[in-house]
Amino acid sequence: MSRRTITELARALRAREVSSRELAAVALARIEAADGELNSFISVEPAMALAAADRADQQLARGEGGPLTGIPFAHKDIFCTAGVKTTCGSKMLAGFIPPYDATVVSRLAEAGIVMVGKTNMDEFAMGSSNETSFFGPVRNPWDPHRSPGGSSGGSAAAVAAGLVPAATGTDTGGSIRQPAALTGITGLKPTYGRVSRYGMVAFASSLDQAGVLTLSAEDAALLLGAMAGFDPRDSTSADLPVPDYAAQLGSAVAGKRIGLPKEFFDAGLEPASATAVREALRIYERLGAKLVEISLPSLALSVPTYYIVAPAECSSNLSRFDGVRFGYRHEGAQTLEELYKKSRGHGFGAEVKRRILTGTYVLSAGYYDAYYLKAQKARQLIADDFRRCFADVDIIAGPTAPTPAFRLGEKVDDPVQMYLNDIYTIAVNLAGLPGLSIPCGFSAGLPVGLQLIGPHFGEGPLLNFAHVYQRETDWHTRLPPGAAVGAPSGAINGGIAPEGAPTGAPTGKPR
Amino acid sequence: MSWETVIGLEIHAQLATRSKIFSGAATAYGAEPNTQACLVDLGYPGVLPVLNAEVVRMAVKFGLAIGASIAPRSIFARKNYFYPDLPKGYQISQYELPIVHDGRLGIELEDGSSTSVHIIRAHLEEDAGKSLHENFAGLTAIDLNRAGTPLIEIVSAPDMRSAREAVAYMKKIHQLVRYLGICDGNMQEGSFRCDANVSVRRTGTDQLGTRTETKNLNSFRFLERAIHYEVERQIEVLESGGKIIQETRLYDPDRDETRSMRSKEEANDYRYFPDPDLLPVLIGADFIAQVQAEMPELPEAKRARFVAEHGLGTADAALLAASIELAAWFEAVVMAAPGSAKLAANWINGELMAALNRDGLAIEASRISPAQLAGLLRRIMDDTISGKLAKQVFELLWSEGGDADTIIDKQGLRQITDSGAIEAVIDKVLAANPGQVAEYRAGKTKVIGFLVGQIMKASAGKANPAQVNELLKRKLQG
Amino acid sequence: MKLTRQDVEQIAHLARLEIGTDEIDGVVEKLDRIVSFVDQLQAADTGSVAPMAHPLDMAQRLRPDAVTEQNRRDDYQRNAAGVADGFYTVPRVIE
């Protein structure tokens with residue numbers, strides 16, 4: 001099998017069936033072969049990857065290392081990597097080489113992960129389709145004419161296509177969960193504060209959270225265990241112990257209560273997606289969980305609230321890109337004001353500029369109360385809805401996105417339509433809750449995601465819910481057409497890339 | 001009709017921490033450009049602020065010293081504007097919910113009158129870097145070493161009515177922050193500076209006039225000059241039928257004038273909002289009690305104690321308590337020479353101050369130490385040396401160092417207290433001045449001064465003056 | 001409320017963003033759509049609700065006052081477009 005989970009690869013590494021160097025070489029070869037079309041990577045680092053793989057092999061040879069040692073991996077290009085270009089999908093940072101690692105990067109490196117490259121993304125994580133990247137759109141492995149979602153679209157496409165078994169992402173309004181849903185993989189956005197934001201280029205500081213895109217909940221649990229935890233360099237990181245998420249998997253969900261917000265199943269949800277989600281919920285019911293209808297009455301406020309709060313924070317966060325200490329500097333500037341205006345005007349793309357302008361507007365004199373303060377109050381209402389619901393249910397479930405992957409270019413001219421794509425994911429960020437998306441079926445050959453939402457710091461039970469579902473179903477093992485093309489034959493277990501999953505009507509059934 | 005001046009000050013005091021308010025970079029003054037600017041200070045992408053505990057402690061200390069309320073919950077906000085010495089494009093400051101609010105400070109003027117100033121708030125913020133506009137071939141050069149240095153901004157109500165009051169208030173705050181050990185008060189290095197909000201109104205009216213804000217005044221004299229200039233300018237504008245424009249101005253000490261800074265002022269809209277990278281600062285009663293317990297003795301208390309404990313006059317006590325370093329110096333002398341308090345006060349406020357002023361030194365840089373002065377005072381107290389000769393010893397201590405005893409011995413300045421020896425000198429002088437002796441005995445007792453002078457001269461100043469007086473009188477009457 | 005071109009130019013100035021004459025109409029139009037969209041929030045009843053600035057109910061943690069950063073100017077200035085004698089440089093600012 002060509003697309004294997006971290007758990008499987010770790011077993012093979014430990015059994016000496018394959019070396020980390022071989023895995024890195026396979027990943028590099030697959031990227032080389034497939035990424036011309038997918039465009040999921042912004043940079044690839046063969047020498048660094050092979051060196052890290054060799055170190056991992058030495059560790060493994062000594063019987064050392066953990067479950068992540070030697071696993072090929074990609075970081076979303078929003079995480080600063082010392083000595084490695086970090087672009088954030090922007091012309092502004094096209095030549096930026098950070099002299100420091102993000103905490104997520106250093107923690108995963110310590111866990112032995114082998115970074116092969118940095119993945120494409122919407123510029124500064126602002127987008128839901130990966131079309132705002134300065135480095136061009138990413139294509140969805142399930143249909144190259146469609147978007148993989150965004151903003152972590154490069155990570156999603158690379159994992160779905162089997163180029164790497166997992167990658168980091170960031171989720172400000174759905175940027176992990178929505179692309180995971182649209183590419184048929186698992187995407188976890190932890191509780192705000194669970195994972196350090198240090199070294200992660202900020203979009204909206206009170207919403208941004210790092211997470212992972214993987215092939216299974218089990219892999220997500222392994223990675224989260226390595227990434228999570230208190231970081232003295234991030235004031236907003238929670239000083240709480242990190243449970244052994246992987247060890248907690250497999251407990252029964254019988255008797256647990258799953259809340260289904262009625263607002264998640266309204267007219268905006270594409271019918272085939274609705275069917276797939278309902279099918280998935282029936283599995284839980286069969287496992288003894290109880291489905292409870294709940295209501296999040298303020299959910300409708302979440303998109304406008306988000307599009308005030310996030311741009312406001314972004315307008316300020318992105319002021320540091322002024323052409324002075326790092327980043328793009330326009331050479332034609334005669335005055336300081338020109339230096340600012342031209343560097344920023346030419347260094348940022350259209351969507352980023354729109355959000356900076358929106359944010360500047362809502363914070364400006366005379367509008368603060370009407371927009372920003374109002375949004376902060378609405379945010380409280382949204383968070384209250386969840387607090388109330390979690391008093392009664394263990395987990396909340398629903399769709400991740402209103403539709404499966406849309407066509408590239410379809411929404412690019414209508415920002416509001418694009419924003420509405422995040423209707424089911426955004427409230428989770430506003431409330432700071434953990435959420436994940438797992439594949440639960442297909443709509444006209446395109447993957448559909450089931451979203452699970454937990455209470456603050458409830459990643460353990462959340463991952464368990466996803467894991468028990470993945471034990472019962474095989475949606476997460478379905479391969480896009482042409483996944484892992486270009487895998488050197490015989491590279492892993494002599495395996496040859498299979499043809500991939502059927503692209504027609506959903507055929508996946510519970511095992 | 002006369003005019004009344006209304007002044008409010010915004011004082012910026014750099015807090016004397018080792019590291020910056022939100023980063024672990026050093027705050028030391030005078031380093032090579034940009035060598036003390038770390039990733040956080042430079043606003044590198046993704047790096048985050050973490051608040052320095054000492055900064056909070058210092059702010060609370062200040063709040064307690066002015067009897068202010070300490071906010072149980074205060075928050076940081078971003079003040080957004082573009083300037084090259086502001087790396088992130090925003091300054092982390094406090095806007096709503098500052099850490100300290102509503103305090104009061106009494107001030108005394110030189111004429112003995114006193115008043116009190118309401119301190120509306122004192123908030124924490126980060127300093128900006130420095131821009132150099134000269135010597136870079138048409139470029140502006142940016143040094144970000146100062147960026148992120150902790151500041152406490154102390155905002156007064158418009159309670160001052162003259163430049164003198166404003167200066168007295170600023171001096172009082174300066175004294176206080178130095179007493180508290182929260183600011184080094186070095187105005188030349190910019191550690192302590194203020195913005196003056198000045199307006200004028202017709203005497204007898206209640207409504208405030210339009211004010212101007214004169215920025216970055218880094219000496220008491222500049223504050224005084226700038227206010228004088230601004231008041232005169234505003235009155236002139238108003239009397240000629242003009243209007244005051246609310247604006248930011250800069251004081252130019254070379255021309256002794258303020259001028260408009262429209263370039264910086266233009267289209268200011270700071271878009272304050274709570275900084276999402278920082279959480280609310282919560283301060284509990286136990287923390288406040290802990291800081292309270294660490295509070296140093298403040299100027300008034302010290303002054304009162306100097307009077308009560310050491311028997312000093314109020315004027316001497318006030319002079320010594322003016323700065324915490326001087327007060328500590330005084331106490332070190334008294335510790336080393338018990339019972340010398342009054343004498344020590346005279347010497348410090350007299351000879352020592354004169355010497356320091358002459359050499360342009362601060363007390364910390366004094367060329368003689370408290371132990372050295374104490375050594376000298378002990379010899380005055382035990383009559384080893386006269387007060388007059390002690391001045392010579394002091395000068396030698398100042399210029400050459402050493403200790404009083406060695407100098408006294410080496411220079412042969414030991415006071416003559418042997419009655420026989422003194423009598424011998426007296427006899428010689430009386431014999432040489434029979435006329436004056438006769439005058440005295442005829443009732444012109446004033447002439448004794450002349451005779452004492454002759455005796456002191458004959459003893460090279462070493463005869464104990466009290467003994468001389470006593471023996472001389474006895475001989476003249478005898 | 002309709003956003004005008006002047007409004008957008010003023011905001012763009014505050015944000016120090018050059019907007020090309022060829023872009024401006026599109027920017028005004030899209031920004032107006034976004035602002036109209038978020039304007040629907042005005043209808044929400046948020047009466048006495050406390051504003052929520054942060055998703056976590058935590059207090060600011062304090063760092064001990066210690067110098068932990070060393071001089072790494074050369075590393076840090078490698079990303080800068082204008083540097084002279086250890087300073088960052090920008091076009092002359094007239095005060």
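User: Before we start, what does contact mean here?
Analyst: Contact means heavy atoms within 4.5 Å, and please keep in mind that this is a predicted model.

User: OK, so how many residues do chain C and chain A put into their contact?
Analyst: Chain C gives 51 residues and chain A gives 72 residues; between them the two chains bury about 5300 Å², with 66% of that area on carbon and sulfur atoms.

User: Which residues of chain C lose the most area to chain A?
Analyst: Those are C:Leu41, C:Met52 and C:Arg61, which together account for 14% of what the chain C side buries.

User: And how many salt bridges and polar contacts link chain C and chain A?
Analyst: There are three salt bridges between chain C and chain A, one of them joining the side chains of C:Arg33 and A:Asp414 at 3.0 Å, N to O, and 22 residue pairs are in polar contact.

User: Which element gives the largest share of that side of chain C?
Analyst: The largest share, eight residues, comes from α2(C), and by class the side of chain C that touches chain A has 31 nonpolar, ten polar and ten charged residues.

User: Switching topic, what do chain B and chain A bury between them?
Analyst: Chain B and chain A bury about 2800 Å², of which 59% is on carbon and sulfur atoms, and the contact takes 30 residues from chain B and 38 residues from chain A.

User: Which residues form the salt bridge there?
Analyst: The count between chain B and chain A is one salt bridge, in which B:Asp277 pairs with A:Arg197, their closest N and O atoms being 3.0 Å apart; 16 residue pairs across this interface are in polar contact.

Definitions and conventions
Residues are numbered from 1 along each chain as its sequence is written. Chains are lettered from A and ligands numbered from 1 in the order in which they are written. This is a predicted model: local features need pLDDT of at least 70, side-chain atom pairs count only at pLDDT 80 or more; totals for chains, interfaces and linings use all residues. Side-chain values use heavy atoms; hydrogens and water are left out. Buried area is the accessible area (1.4 Å probe) that two parts lose on being put together, summed over both. A salt bridge is a side-chain nitrogen of Lys or Arg within 4 Å of a carboxyl oxygen of Asp or Glu. A polar contact is a pair of N or O atoms within 3.5 Å; within protein, one must be able to donate a hydrogen and the other to accept it, and residues adjacent in sequence count only if both atoms are side-chain atoms. Helices (H or I, at least four residues) and strands (E, at least two) are DSSP runs, numbered from the N terminus. Ala, Val, Leu, Ile, Met, Phe, Trp, Tyr, Cys and Pro count as nonpolar, Asp, Glu, Lys and Arg as charged, and the others, Gly among them, as polar.
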